[in-house]
Amino acid sequence: MNNIKTKVCSSCESSFSCGNISSENTCWCNDFPPIFNLSEEGDCLCPECFKEACIDKIDAYVETITPKKALQNKATSLPKTEKLIEDIDYYIENGNYVFKTWFHLKRGTCCGNACRHCPY
C-alpha cells in the first residue's frame with residue numbers, strides 16, 4: 001500500500017514526503033485535526049506550514065467561542081486524533097504542560113479544575 005510521494009509545499013516550496021505507508025502507518029497529516037477541506041488550501045503543505053495553518057485556523061475559531069457556544073462547538077464532532085500536538089493542544093510553560101482552549105473544546109466538557117484556557 002506504500003503511497004508515499006515527494007511533494008513541494010505550496011507555501012514555502014520545500015520538498016516533503018506525503019502519503020500512507022500502510023493502513024497502520026498513515027501520513028503525518030492524519031495526526032492533525034481534520035479541519036481543512038481538501039481543495040480549501042490548494043495543494044499539500046509541508047509539516048511546518050500545515051501546522052502553522054492549523055494553528056491559525058484554530059486560533060481564529062477559538063476567538064469566536066463563548067461559554068455558551070463552547071457547549072456545542074465543532075471540535076467535539078470531529079474524528080478523534082490519537083496524538084496531542086504541541087502549540088495546538090498544549091504548550092509547555094516552566095516544564096509544565098498547559099492545555100489550550102482547543103484541547104478543552106475537543107473534550108467537550110469542563111473538568112472542574114479551573115484550567116487557564118477553559119472555554120466553559
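Me: Where in the fold does T101 sit, and is T101 buried or exposed?
Reply: This is a predicted model, and it places T101 in helix α3, which covers residues 101-107. Buried means under 20% relative accessible area. T101 has a relative accessible area of 16%, so T101 is buried.

Me: Which residues does T101 touch, leaving aside its neighbours within four places in sequence?
Reply: T101 belongs to helix α3, and we skip anything within four places of it in sequence. What's left is a short list of contacts: V62, H117 and P119.

Me: Let's step back. In what pattern do the helices and strands of the protein chain follow each other?
Reply: The protein chain has 3 helices and 4 strands. Read along the sequence, they come in the order β-β-α-α-β-β-α.

Me: How big a box do the C-alpha atoms fill, and what share of the residues is buried?
Reply: Taken along the principal axes, the C-alpha atoms of the protein chain fill a box of roughly 45 × 30 × 30 Å. The chain has 120 residues, and the buried share of them is 30%.

Me: What share of the contacts with a separation of 6 or more joins residues 24 or more positions apart?
Reply: Here we count just the contacts in the protein chain with a separation of 6 or more. Among those, the ones between residues 24 or more positions apart account for 44%.

Me: What about the outside: how much area does the protein chain expose, and what part of it comes from carbon and sulfur atoms?
Reply: The protein chain exposes about 7,900 Å². The part of that area supplied by carbon and sulfur atoms is 51%.

Me: How many positive and negative side chains are there, and how far apart do the centres of the two sets lie?
Reply: The protein chain carries 13 positive side chains and 16 negative ones. Each set has its own centre, and the distance between the two centres is 8 Å.

Me: Which helix gives the most to the lining of the second largest pocket?
Reply: This pocket holds about 160 Å³ of space. Its lining is made up of I35, K57, I58, Y61, K74, A75, L78 and W102. With 3 residues in that lining, the top contributor is helix α1, residues 47-62.

Me: Where is C46, and is C46 buried or exposed?
Reply: C46 lies in the loop between β2 (15-18) and α1. The cut-off for buried is under 20% relative accessible area. At a relative accessible area of 1%, C46 is buried.

Me: What does C46 touch, and how far is C46 from N3 in space?
Reply: Not counting residues up to four places away in sequence, C46 touches C9, C12, S14, F16 and W28. C46 and N3 are 43 residues apart in sequence. From C-alpha to C-alpha, they are 16 Å apart in space.

Me: Why does E93 count as partly exposed, and what does E93 contact?
Reply: E93 is in strand β3, residues 90-93. Partly exposed runs between the buried limit of 20% and the exposed limit of 50%, and E93 counts as partly exposed because its relative accessibility is 30%. Leaving aside neighbours within four places in sequence, its contacts are V98 and R116.

Me: What phi values do E13 and D87 have?
Reply: Most residues other than glycine have a negative phi. E13 sits in the loop between β1 (5-8) and β2 and is exposed, with a relative accessible area of 65%. D87 is in the loop between α2 (67-70) and β3 and is partly exposed at 32%. Both have a positive phi: near 65° for E13 and near 80° for D87.

Me: Which residues does K100 touch, and how far is K100 from C44 in space?
Reply: K100 lies in the loop between β4 (96-99) and α3. Not counting residues up to four places away in sequence, K100 touches D59, D87, I88, D89, Y90, Y91 and H117. K100 and C44 are 56 residues apart in sequence. Their C-alpha to C-alpha distance in space is 26 Å.

Technical notes: Residues are numbered from 1 along each chain as its sequence is written. This is a predicted model: local features need pLDDT of at least 70, side-chain atom pairs count only at pLDDT 80 or more; totals for chains, interfaces and linings use all residues. Side-chain values use heavy atoms; hydrogens and water are left out. Helices (H or I, at least four residues) and strands (E, at least two) are DSSP runs, numbered from the N terminus. Buried means under 20% relative accessible area, exposed over 50%, partly exposed in between (1.4 Å probe, protein chains only). Contact means heavy atoms within 4.5 Å. Accessible areas come from the Shrake-Rupley method with a 1.4 Å probe; for residues, only the protein chains shown count as cover. Lys and Arg count as positive and Asp and Glu as negative; His and the chain ends are not counted. The place of a charge is taken as NZ of Lys, CZ of Arg, CG of Asp or CD of Glu. On a 1 Å grid over the protein atoms alone, a cavity is a set of points where a 1.4 Å probe fits but cannot get out, and a pocket is an open set with protein on both sides within 12 Å along at least five of seven lines; lining residues have an atom within 4 Å of a point. Grid points are joined across faces, edges and corners, and a volume is the space filled by probe spheres set on the points.
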